[in-house]
Amino acid sequence: MRQKLLANGARSAAGEVIDPIPVVKIFTPDANATWLLTEIDPNNPDIAFGLCDLGLGCPELGSVSLREIKRLRGPLGLAVERDRHYGETRRLSEIAKMARRAGRVSA
């Protein structure tokens, strides 16, 4: 997964306009936050890009620090997890449009 995220990041860094299918879904099991990540910046591997939903009703496309996400804990002290069963087939732009309308990521 990391290699695919870096490959997508390299394409973006090279100036290619891409609309990939998210590679990985990570979430807080006890705090309603979800990230659908499509790429990692090859020049700064701590920075990922994707659809970010912090559970506040306004999911948005943006960059996130993987280091910060790794340190997050929900109200019950649970760490962020990777959804091992995630298998999205839609492109990021389509998922983002649906999430904005719904006020949350439902993937």
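Here, a residue is called buried when its relative accessible area is under 20%, exposed when it is over 50%, and partly exposed in between. By that yardstick Arg11, with a relative accessible area of 35%, comes out as partly exposed. Keep in mind that this is a predicted model. The rest of this briefing goes from the overall fold to the charged pairs, and then to a buried aspartate.

**Overall fold**

- The protein has three helices and five strands, and from the N terminus on they run α-β-β-β-β-α-β-α.
- The radius of gyration is 13 Å, close to the 13 Å that the globule rule gives for 107 residues, so the protein is as compact as a globular protein of that length.
- If you want a box for the C-alpha atoms, roughly 40 × 30 × 25 Å along the principal axes will do.
- Of the 107 residues, 37% are buried.
- Take the contacts with a separation of 6 or more: 49% of them are between residues 24 or more positions apart.
- The accessible surface comes to about 6500 Å², and carbon and sulfur atoms account for 51% of that.

**Salt bridges**

- Side chains of opposite charge can pair when their charged atoms come close.
- How many salt bridges does a search of the whole structure find? The count is four, and three of the pairs are described here.
- Arg11 pairs with Glu16, and their closest N and O atoms are 2.7 Å apart. Glu16 has a relative accessible area of 39%, so Glu16 is partly exposed, and Arg11, at 35%, is partly exposed too.
- Lys25 and Asp83 form another salt bridge, at 3.6 Å from N to O. This pair ties together distant parts of the chain, 58 residues apart: Lys25 sits in strand S1 (residues 24–27), while Asp83 is in the loop between strand S5 (81–82) and helix H3 (92–102). Lys25 has a relative accessible area of just 11%, which means that Lys25 is buried.
- Asp46 and Arg67 also meet in a salt bridge, with an N to O distance of 3.6 Å. Here too the pair links distant parts of the chain, 21 residues apart, with Asp46 in the loop between strand S2 (34–40) and S3 and Arg67 in helix H2 (residues 66–71). Asp46 counts as buried because its relative accessible area is 14%.

**Asp53, a buried charge without a salt bridge**

- Asp53 belongs to strand S3, which covers residues 47–53.
- Which side chain of opposite charge is nearest to Asp53? That would be Arg104, but it is 6.7 Å away. A salt bridge needs the nitrogen within 4 Å of a carboxyl oxygen, so this pair does not qualify.
- Asp53 is buried all the same, and a polar atom of its side chain lies 2.7 Å from the backbone nitrogen of Val105.
- Leaving out residues up to four places away in sequence, Asp53 touches Asn32, Ala33, Thr34, Pro59, Arg104 and Val105.

**Ala10 on helix H1**

- Ala10 is part of helix H1, which spans residues 2–13.
- Is Ala10 buried or partly exposed? Its relative accessibility is 38%, so Ala10 counts as partly exposed.
- Ala10 and Ile40 are 30 residues apart along the chain, and their C-alpha atoms are separated by 8.1 Å.

Terms used:
Residues numbered from 1 in each chain as written. Predicted model: local features only at pLDDT ≥ 70, side-chain atom pairs only at ≥ 80, totals over all residues. Heavy atoms only, no water. Helix = DSSP H or I, 4+ residues; strand = E, 2+ residues; numbered from the N terminus. Buried < 20%, exposed > 50% of the residue type's maximum accessible area, 1.4 Å probe, protein only. Lys, Arg positive; Asp, Glu negative; His and termini not counted. Polar contact = N/O pair within 3.5 Å; in protein donor to acceptor, adjacent residues only side chain to side chain. Contact = heavy atoms within 4.5 Å. Rg over C-alpha atoms; globule rule 2.2 N^0.38 Å. Areas by Shrake-Rupley, 256 points an atom, 1.4 Å probe, with all protein chains shown as cover.
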